[in-house]
Amino acid sequence: MKQAYLIILIAGFFSVSCEDVIDINLNDADPQLVIVGTVSNRSYEQRVTLSRTVAFDVSEPFDPVSGATVTVSDGRGQTFQFVERTPGVYVANFRGRERERYELSVQLEGQVYTAISTMPPLITADSIGTGVRTLFGEEQKFISIRYADPAGMPNYYRYLWRVNNGAMKMLYVTQDKFNDGRYVSEDLVDFDTDLVAGDSVVVRMQCIDKAAFDFWNAVQSTNPGTAAPANPPSMFGAGALGYFSAYAESEMPTEVQ
Amino acid sequence: MQFCRCSILLFLVFIGPVAPLFSQTKHTISGHIRDAQSGETLIGASIRLGADPAVGARTNNYGFYSLTLPAGSYTLVVSHVGYRTLEIPVELAADTAADIELHSGELLQEVVISQSAADGQVKSPQMGLTRVDMNEIKHVPVLMGEKDVLKTIQLLPGVLSGGEGSSNFFVRGGAGDQNLILLDEAMVYNASHLFGFFSTFNSDAIKDVKLYKGGMPAQYGGRLASVLDITMLDGNKKSFGAEGGIGLIASRLKVDGPIVEDRGSFVVTGRRTYADLFLKLSSDESVRNSRLYFYDLNAKANYRLDERNTLYLSGYFGRDLMGYSGLFGFDWGNATGTLRWNRVWNSRWFSNTTAVYSNFNYNVNIESDDLNFVIASRIQNYNLKQDFQFFATNKSTWRFGFNLLHQGISPARIDADEQTSVNSLRLEDRAGLELAAYLSHEWKPTPQLSVIYGLRLANFVLLGPGTFYGYDNEGDVVDTRIYEKGEVAQHYLNLEPRLSLSYQLQADNSLKLSYNRNAQYLHQLTNATASLPTDTWVMSSNNIKPQLADQVALGYYQNFNNDRYAFSVESYYKYMENQIDYRNAADLQANEYIEAELLYGVGRAYGVELYLKKQQGRLNGWLSYALAKSERQFDDINDGNWFPARQDRTHDLSAVAMYQLSPRWNVSATFVYSTGNAVTFPSGKYTVDGRTLWYYTERNGYRMPDYHRLDIGATWESAASKRFQTSWTFGIYNAYNRKNAYIIDFRENEANPNITEAYRIALFGIIPSITWNFKF
């Protein structure tokens, strides 16, 4: 529930709210290690990035951390060694498998950070198309995908899209709390992007595990009306932010009608 | 050592019998005090001896007084704020029943205006109580010209506003759900309309408003921070009348009159907003078919069966409705009903029996091509109260009774049809029973010392049927227990002592001391800054312990210049246990394991409150200032360190001035200033998957900018002599167009996403309003 937005909407109805950019003096916290690791079923190259938090007013938000020893081992006893390709970006060549359990280990300055993620089975959509709805007199187009959610187990999804030649952009994460086992229709919209007929859109649907969902859900449920915003839960425990996610992904292209 | 002596006496009185009355023959004069024009009973009116003003009584909530005196002849002085003081010679030779009528006084003829309320703060033993004068509310300028009780009490010291566009309020560092809001004794679960822009209380329907910030008498219980006790008007017993108003966003109408003259009366008030009518002007059909309005309906009737028995029936029904055709609908509201039976057993015994029903629910309808479902939630209670008042002597009044409260919560229900891609769901209902008994004694052992002390014993039982989970520290289920209907799932017993003590130093100043312990068994869960109708209510359980608060307060009261000015300073310290906060990204909606999302900690709040009121003359008004601190400590938040509560505002100042310019014109102004809320802002940032995320270090370590605002108003009234009276109210909210930050948030710059910026949203700029009122 985006309460604050709702209230602004009401205030907007009385046409009274206003918005402007302001200067705020924010503290510079001690830099904190950030670990982001993913294992995908579609890619032959897996990637782990290491960085540190920066001050709010720094214009380059990525402060790479080099010289770490990064490995991922799977449930069959295989260990993949990552190499640092560019500063802070570590890669290894292997392909992720569904239902496999992966353990990420990062060794840095005598500390070891570990996290575990199990890749969920792949669930794919069986249709993709364009939908239209009218909101306050304006037509809004969206991409609608349909899929059957497996019954009797919790499932978590993450959606990304790329519109025309733009960058791949994460939309949001969902779970099947209210539609377990249903034939689900997911309407994908992005309030920053107006779709028009002829746009080419590539949708990525990722089946993620609970920890990755919790991470992104914490990010997306923090809004201006959140009483106490906090860092999303870290899988690495105290001392490092970020997450490690093994996901099963499918990609669907479509053209906006 | 007044205090020591008193605590010994307190002990003796609790265990010992009531001291017998001695020698001299005593008689009691008792009855009701009413408004001469409307027959409306007056609450808190004073009746005193002309010869010795220290001896006297006040009317209770039903306008009943009882004064016991030695046989003899007296002059009784009867007074009430806004009424002409009346002197009655009485020859007291036997118990006497005397109903008294007071005439309301013209505001400008200040000589006749009673001082009873004026010196009330100094003389009354009750501490932490503020009465709101409904006549003042009329003149205090407010948003959109909708006069509002909840907005006006936020101008009192120690009462913080929930913020712009919020009816929520915070008393002495407490949370919004720690206020007990009663409308004719019925608990009101959600006191706001339109997400808080307006309160559910239509001022036209209200007779009396009392706010207890501490030292609550023992008949009140169930909330930690405050009691807001609102009494509805009874209706004119003598003649029919109507009044109403047409404002910018709402219209009001009130009709009242006798059922049988001088025996019974009724009053019906209604209010409805019509912002939605503008929607009809839209060219878009779905906008035209959208809804956005609220309404209130208050109705009350009373009937005096005979000299001793009176029945009151009152109800409130209000609802907000919003919807966008073909997409969603959302409606919520309260309904309350109160049936009361007053009985005057004899000149010294008064009893009241109350049966209350109160309900709050909401419905959300989602419809679209392939979605069609309804979300519904409800909380309701049945409450039976029995209250006795025994006016033993003119120095001693006993009050005792019990209270049986059955509360039921249906947290969430989703009804979906088969074709929809949503599952129907029903979370288990919860039911709880709160049985409380109380005893309190108002006593004046010496002419200087007066005291109200009491005890409340509350027993809360969480009832089956249901499945109750136990959780470990991580919030994982470790224990599942199933209870059948009627079985006790959890049980808590709390003893709540209450004390309010006043020592009169001189005729116009006094010292007061109070202590109270309060327990709370119902909790509202929200992890958002604004409170919404969809916030989840939970009762105390095997996981959620009752919230407890202990508060001590010390105050000094001084009137100046013949009670023209009243000054008070109160300081308090409050310690709160079993406070509730949330795990990160807690899921509080329709969650079967919602108690797994909760964290428990403690809180403390302390401060000093200054209040200076000018209560007579053409210029009226008050200055209030509070210096306060409110902090919380949770093991799992902020590394276990104390952090400021969100509503911790160091300075909070309100100035209210009302000036009678001429018999027709009254002008007014309100200025408020407060330190910004404590908030959590990022102290750094990082990127994940190309997205910039904020890095937070400290809970509520930052401050919103200071808040200040000036509102001005003016009222023109037609001559009071006319049968048909009209008035115009003009207002300007936020007169100097201050852009107070409602929200400060952070985002990536649109042109360069690597640059991050802070932005501010201000809700209201300068807003004029105009209201036309009539009365006949």
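Is Cys18(A) buried, exposed or partly exposed? In this predicted model, select Cys18(A) to begin the tour. Its relative accessible area is 26%, and Cys18(A) is therefore partly exposed, since buried residues lie under 20% and exposed ones over 50%.

**Two cysteines in chain A**

Next, select Cys207(A). This residue has a relative accessibility of 2% and counts as buried. A disulfide is a covalent bond between the sulfur atoms of two cysteines. A search of all chains for such pairs, with the sulfur atoms required to lie within 2.5 Å, gives a count of 0 disulfides.

**A helix that meets both chains**

Now select helix H2 of chain A, residues 210–220. Its buried residues are Ala212(A), Phe213(A), Phe215(A), Trp216(A), Ala218(A) and Val219(A). An α-helix has 3.6 residues a turn, so residues three or four places apart point the same way.

What do the buried residues of H2(A) pack against? To see the partners in chain A, select strand S13 (156–163), strand S14 (169–175), strand S16 (200–208) and strand S17 (240–255). Then add strand S44 (684–688) and strand S45 (691–695) of chain B, against which the buried residues of H2(A) also pack.

**Chain B as a whole**

Display chain B in full. This chain has 5 helices and 51 strands. Along its principal axes, the C-alpha trace of chain B spans about 90 × 60 × 50 Å. A compact globule of 776 residues would have a radius of gyration near 28 Å, and the 27 Å found for chain B agrees with that value.

Colour the chain by accessibility: 60% of the 776 residues of chain B count as buried. The accessible surface of the chain comes to about 30000 Å², and carbon and sulfur atoms account for 57% of this area. Among contacts in chain B between residues at least 6 apart in sequence, 64% join residues at least 24 apart.

**A strand between two partners**

Select strand S2 of chain B, residues 46–49. Ser46(B) and Arg48(B) lie on one side of S2(B), while Ile47(B) and Leu49(B) lie on the other. All four are buried, and both faces of the strand are thus covered.

Add strand S3 of chain B, residues 56–58, which runs antiparallel to S2(B) and is joined to it by 3 bridges. A hairpin of 6 residues leads from S2(B) to S3(B). Within this pairing, Ser46(B) has Arg58(B) as its bridge partner.

Then add strand S5 of chain B, residues 72–79, which is also antiparallel to S2(B) and is linked to it by 4 bridges. Here Ile47(B) has Val78(B) as its bridge partner.

**An open sheet of five strands**

Which order do the strands of the next sheet follow? In chain B, select S9-S16-S17-S12-S13: these form an open sheet of 5 strands with mixed pairing. Strand S9 (129–132) and strand S13 (186–187) stand at the edges with a single partner strand each, so one side of each has no neighbour in the sheet.

Within the sheet, focus on strand S12 (residues 179–183) and strand S17 (residues 226–232) of chain B, which pair in the parallel sense over 5 bridges. Leu183(B) stands opposite Ile230(B) in S17(B).

**The last stop: Phe468(B)**

Finally, select Phe468(B), which is found in strand S30 (residues 466–471) of chain B. Phe468(B) is buried, with a relative accessible area of 4%. Leaving aside residues up to four places away in sequence, Phe468(B) touches several residues, including Arg430(B), Leu462(B), Tyr483(B) and Asn542(B). Select Glu428(B) as well: the C-alpha atoms of Phe468(B) and Glu428(B) are separated by 10.0 Å, and the two residues are 40 residues apart along the chain.

Conventions: Residues are numbered from 1 along each chain as its sequence is written. Chains are lettered from A and ligands numbered from 1 in the order in which they are written. This is a predicted model: local features need pLDDT of at least 70, side-chain atom pairs count only at pLDDT 80 or more; totals for chains, interfaces and linings use all residues. Side-chain values use heavy atoms; hydrogens and water are left out. Buried means under 20% relative accessible area, exposed over 50%, partly exposed in between (1.4 Å probe, protein chains only). Helices (H or I, at least four residues) and strands (E, at least two) are DSSP runs, numbered from the N terminus. Two strands pair if DSSP finds at least two bridges between them. The radius of gyration is taken over C-alpha atoms; the globule rule is 2.2 Å times the number of residues to the power 0.38. Contact means heavy atoms within 4.5 Å. Accessible areas come from the Shrake-Rupley method with a 1.4 Å probe; for residues, only the protein chains shown count as cover.
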